[in-house]
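I opened my notebook for this one with a short list of things to look up. Here is the model I had on screen while I wrote.

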Amino acid sequence: MVLPIVFYGNPILRKKCLDIDFSSCDRKKKINQLIQDMFETIHKAKGIGLAAPQIGKNIRLFIVKTPYLNGENIRNYKEVFINAKILKIHGKECKFNEGCLSIPGIMGYIKRKTHVKIEYYDQNWKKQKKTLTGICARVVFHEYDHIEGKLFIDYFSYKKKKIIEEKLSQLSEKNLF
């Protein structure tokens with residue numbers, strides 16, 4: 001099922017998310033269904049990542065599904081991140097033009113490091129520890145920010161924030177109806 005995406009201005013996008021307690025089988029089934037719905041949602045929205053707050057859930061869950069991008073040797077990287085914790089950020093800083101499903105119509109160049117070491121549970125509820133690079137690392141950083149209550153526009157300069165102020169105001173108004 002395709003889920004509605006919440007827009008900028010919805011307070012859930014600014015909340016630090018809670019860990020998922022997946023001790024019961026019933027809870028795991030519900031989370032697995034939510035994950036399936038999230039993949040359908042990003043497919044329909046033509047996105048490459050989606051975090052639970054973007055669909056109105058205050059839980060530490062995000063998904064990534066990147067196609068081949070920018071000449072990198074990555075083909076259809078698909079991963080589920082449950083209760084993720086970043087362990088290390090390293091590499092050189094690179095700029096990349098980012099956007100967000102919750103802030104449609106706004107793009108901006110964001111500097112991020114090229115490598116991330118992350119610990120999380122995968123869709124099979126197995127603990128994982130990986131170092132990701134390139135576009136995969138960038139998407140993970142972006143989605144991880146969501147579960148921490150941070151948005152990519154927070155990295156914009158004061159000048160860029162002033163330029164997009166009216167668009168952001170219009171998006172906030174969508175949340176009132």
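My entries below go through the pocket, the cysteines, the cores and a few single residues.

**Entry 1: the pocket**

I remind myself that this is a predicted model. I began with the largest pocket, and its space came out at about 400 Å³. I then looked up its lining, which has 24 residues, and found I48, E98, G99, C100 and H142 to be the closest to the centre. Two elements give two or more residues each to this lining, namely β3 (77–98) and α2 (134–147). Helix α2 gives the most, with six residues. I also sorted the lining by type and noted 11 nonpolar residues, nine polar ones and four charged ones.

**Entry 2: the cysteines**

How many disulfides does the structure hold? I found zero. C100 is in no disulfide, as the nearest cysteine sulfur belongs to C17 and is 13 Å away. For a pair to count, the sulfur atoms would have to be within 2.5 Å. I looked up exposure too: C100 has 10% relative accessibility, so I wrote it down as buried. C136 is likewise in no disulfide, and its nearest cysteine sulfur, on C94, is 14 Å away. Is C136 buried or exposed? At 5% relative accessibility, C136 counts as buried, because the cut-off for buried is under 20%.

**Entry 3: the cores**

I jotted down a general point before starting: in soluble globular proteins, nonpolar side chains tend to be buried together. Here the largest nonpolar core has 19 residues, and those with the most contacts inside it are F62, V64, F81, A84, I118, L132 and V140. I traced this core back to its elements: β2 (61–66), β3, β4 (108–121) and α2 each supply at least two residues. Helix α2 gives the most to this core, with eight residues.

I picked F62 for a closer look. Setting aside its neighbours within four places in sequence, F62 is in contact with a list of residues that includes M38, L50, F81, A84, I118, V140 and I147. E79 and E143 are also among the contacts of F62. I then noted a second, separate core of 18 residues, with I31, I35, F39 and L50 among its members.

**Entry 4: H146**

I went back to helix α2, where H146 lies. Its relative accessible area is 1%, so H146 is buried. Which residues is H146 in contact with, leaving aside neighbours within four places in sequence? I listed L13, K15, C17, A51, P53, Q54, C100 and L151.

**Entry 5: the segment before α1**

My last stop was the segment before α1 (25–45), where G9 lies. G9 has a relative accessible area of 42% and is therefore partly exposed. I checked one pair here: the C-alpha atoms of G9 and P104 are separated by 12 Å, with their positions 95 residues apart along the chain.

K16 also has its place in the segment before α1. Is K16 buried or exposed? Its relative accessibility is 54%, so K16 counts as exposed. Leaving aside neighbours within four places in sequence, I found K16 in contact with N58, R60, I147, E148 and G149. I also checked K16 against I63: they are 47 residues apart in sequence and 17 Å apart in space, C-alpha to C-alpha.

Definitions and conventions: Residues are numbered from 1 along each chain as its sequence is written. This is a predicted model: local features need pLDDT of at least 70, side-chain atom pairs count only at pLDDT 80 or more; totals for chains, interfaces and linings use all residues. Side-chain values use heavy atoms; hydrogens and water are left out. On a 1 Å grid over the protein atoms alone, a cavity is a set of points where a 1.4 Å probe fits but cannot get out, and a pocket is an open set with protein on both sides within 12 Å along at least five of seven lines; lining residues have an atom within 4 Å of a point. Grid points are joined across faces, edges and corners, and a volume is the space filled by probe spheres set on the points. Helices (H or I, at least four residues) and strands (E, at least two) are DSSP runs, numbered from the N terminus. Ala, Val, Leu, Ile, Met, Phe, Trp, Tyr, Cys and Pro count as nonpolar, Asp, Glu, Lys and Arg as charged, and the others, Gly among them, as polar. Buried means under 20% relative accessible area, exposed over 50%, partly exposed in between (1.4 Å probe, protein chains only). A nonpolar core is a set of buried Ala, Val, Leu, Ile, Met, Phe, Trp, Tyr and Cys residues joined through side-chain atoms within 4.5 Å. Contact means heavy atoms within 4.5 Å.
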